[in-house]
Amino acid sequence: MKVKVMNRSGNPLPEYATAFAAGLDVRADNGEPIVLKPLGRAMVPTGLFLEIPSGYEVQVRPRSGLAAKKGVTVLNAPGTIDADYRGEVCVILVNLSSEDFVIERGERIAQLVLARHEKLEWESADSLSASDRGEGGFGSTGTK
């Protein structure tokens, strides 16, 4: 699937780290280092602008290594970039650790995943079909 991209960052285009990776690593395009304080958040620019085909979205997801090693993750994960958005792709990062985290220009900060989606149509109903789960909500299926 081809997606048009304008790269105004000077960084390489997002790329897959391995042959079977689902997400492309995207890099920060901040002029100055951004210091992310504990529990702080920042909107980090990437310098990328996308033209996503209709029927698709690009999801912005955390990088597992950054989350596991540094406690830094994508705040609204997964974030969605809609097909009609033409502005700069930015990543909302949050620092869940107890130490400052410095975001340097060119650092891999998140991953992008292209995902197909369907448009839904609401069908009004007075009742829904029964299921084994029924109305059981959070935690109702157990922890095993």
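Helices (H or I, at least four residues) and strands (E, at least two) are DSSP runs, numbered from the N terminus. The model on screen is predicted, so local features need pLDDT of at least 70, side-chain atom pairs count only at pLDDT 80 or more, and totals for chains, interfaces and linings use all residues. Residues are numbered from 1 along each chain as its sequence is written, and side-chain values use heavy atoms, with hydrogens and water left out.

**Whole chain**

Begin with the whole chain in cartoon view, where 1 helix and 11 strands can be found, in the order β-β-β-β-β-β-α-β-β-β-β-β from the N terminus on. Turning to the principal axes, the C-alpha atoms fill a box of roughly 55 × 40 × 30 Å. The chain has a radius of gyration of 19 Å, whereas a compact globule of 144 residues would have one near 15 Å; the radius is taken over C-alpha atoms, and the globule rule is 2.2 Å times the number of residues to the power 0.38.

Next, switch on the surface, which comes to about 10100 Å² of accessible area, with 51% of it belonging to carbon and sulfur atoms; such areas come from the Shrake-Rupley method with a 1.4 Å probe, and for residues only the protein chains shown count as cover. Of the 144 residues, 33% are buried, where buried means under 20% relative accessible area, exposed over 50%, and partly exposed in between (1.4 Å probe, protein chains only).

If you colour by charge, there are 17 positive and 19 negative side chains, and the centres of the two sets lie 7 Å apart. In this count Lys and Arg are positive and Asp and Glu negative, while His and the chain ends are not counted; each charge is placed at NZ of Lys, CZ of Arg, CG of Asp or CD of Glu.

**The nonpolar core**

Now select Val-44, Val-91, Leu-93, Ile-103 and Ile-109, which touch the most other members among the 25 residues of the largest nonpolar core. A nonpolar core here is a set of buried Ala, Val, Leu, Ile, Met, Phe, Trp, Tyr and Cys residues joined through side-chain atoms within 4.5 Å. Two or more residues come from each of strand E4 (34-36), strand E5 (41-51), strand E6 (56-61), strand E7 (72-74), strand E9 (88-95), strand E10 (101-103) and strand E11 (108-116), and E5 gives the most, with 4 residues.

Centre the view on Leu-93 and show its contacts (heavy atoms within 4.5 Å). Leaving aside neighbours within four places in sequence, Leu-93 is in contact with residues including Leu-36, Val-44, Val-72, Val-74, Ile-103 and Ile-109. For the chain as a whole, 70% of the contacts between residues at least 6 apart in sequence join residues at least 24 apart.

**Loops**

Move to Asn-11, in the loop between strand E1 (4-7) and strand E2 (15-16). Asn-11 is buried, with a relative accessible area of 9%, and, residues up to four places away in sequence not being counted, it touches Arg-27, Ala-28, Asp-29, Arg-105 and Gly-106.

Pro-33 comes next, in the loop between strand E3 (24-27) and E4, and at 43% relative accessibility this residue counts as partly exposed. Beyond residues up to four places away in sequence, Pro-33 touches Val-102, Ile-103 and Glu-104; its C-alpha lies 6.3 Å from that of Val-102, although the two are 69 residues apart in sequence.

Leu-39, in the loop between E4 and E5, deserves a look at its backbone torsions, with a positive phi of about 65° although it is not a glycine. Leu-39 counts as exposed, at 64% relative accessibility. Another backbone stop is the peptide bond from Ala-77 to Pro-78, which is cis, with omega near -10°; Pro-78 is in the loop between E7 and strand E8 (79-81).

**Exposed stops**

Select Lys-69 in helix H1 (residues 64-70), which counts as exposed at 72% relative accessibility. Lys-69 and Phe-101 are 32 residues apart in sequence and 11 Å apart in space, C-alpha to C-alpha.

In strand E1, pick Lys-4, exposed at 57% relative accessibility. Not counting residues up to four places away in sequence, Lys-4 touches Phe-49, Leu-50 and Glu-51.

Finish at Glu-118, in the segment after E11, where the relative accessible area of 66% makes the residue exposed. A C-alpha distance drawn from Glu-118 to Ala-28 spans 31 Å, the two being 90 residues apart in sequence.
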